Amino acid sequence: MSYMLTHLRTGWHVDRAILEEEDRVVVIRFGHDWDPECMKMDEHLYSIAPKVKNMAVVYVVNISEVPDFNKMYELYDPVTVMFFYRNKHIMIDLGTGNNNKINWALNNKQELVDIIETVFRGARKGHGLVISPKDYSTKYKY
């Protein structure tokens, strides 16, 4: 499904996308188009894009094509989703300890919509860190 989402092909394009969007959250999925985790996340992002079009714009970046951000954002996972608002990285507390990004493919589309809505509302209020509507820590799984 990544072919249906807008690809950012260079570091300059990524910077422009983050800088030029004034009113909406910029959601960027970093990863490889051929990775099964990325394919799953891309499918979810594509299906929710019309629902969140007033709050967010979704882009895809292939980390082997655009390696500029790999070190800066520690893009070592198969799939990484990050949020930006008015040229500022918006962190989200998911209960996992890593507040910078989502580094797994979410199973539920509605959870992704809820996270994007939470990021949008928090970012508009000037918050650099927002709390996820769901706790993704493993403390309840065992």
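**Entry 1: the end of H3**

I began just after helix H3, where Gly-126 takes a positive phi of about 95°. I note that this is a predicted model, in which local features need pLDDT of at least 70, side-chain atom pairs count only at pLDDT 80 or more, and totals for chains, interfaces and linings use all residues. Residues are numbered from 1 along each chain as its sequence is written, and side-chain values use heavy atoms, with hydrogens and water left out. Helices (H or I, at least four residues) and strands (E, at least two) are DSSP runs, numbered from the N terminus.

**Entry 2: the helix itself**

I compared the length of H3, residues 109–124, with expectation: its 16 residues at 1.5 Å each should span 22 Å, and the 23 Å between its end C-alpha atoms agrees. The expected span is 1.5 Å times one less than the number of residues. At the start of H3, I found a side-chain oxygen of Asn-108 within 2.8 Å of the backbone nitrogen of Gln-110.

I then listed the buried residues of H3 (buried means under 20% relative accessible area, exposed over 50%, partly exposed in between, with a 1.4 Å probe and protein chains only), and they are Glu-111, Leu-112, Val-113, Ile-115, Ile-116, Val-119, Phe-120, Gly-122 and Ala-123. Their cover includes helix H2 (36–48) as well as strands E2 (25–31), E3 (56–62), E4 (79–85), E5 (88–93) and E6 (129–131).

**Entry 3: Asp-77**

I next looked up Asp-77, which sits in the loop between E3 and E4 and counts as partly exposed because its relative accessibility is 26%. Leaving aside neighbours within four places in sequence, I found Asp-77 in contact (heavy atoms within 4.5 Å) with Lys-101 and Asn-103. With Asn-103 there is a side-chain to side-chain polar contact at 3.1 Å; the term means a pair of N or O atoms within 3.5 Å, where, within protein, one must be able to donate a hydrogen and the other to accept it, and residues adjacent in sequence count only if both atoms are side-chain atoms.

**Entry 4: the whole chain**

I closed with the chain, whose three helices and six strands run β-α-β-α-β-β-β-α-β from the N terminus on. Its radius of gyration is 14 Å, close to the 14 Å that the globule rule gives for 142 residues, so the chain is as compact as a globular protein of that length. The radius is taken over C-alpha atoms, and the rule is 2.2 Å times the number of residues to the power 0.38. I also noted that 46% of the 142 residues count as buried.
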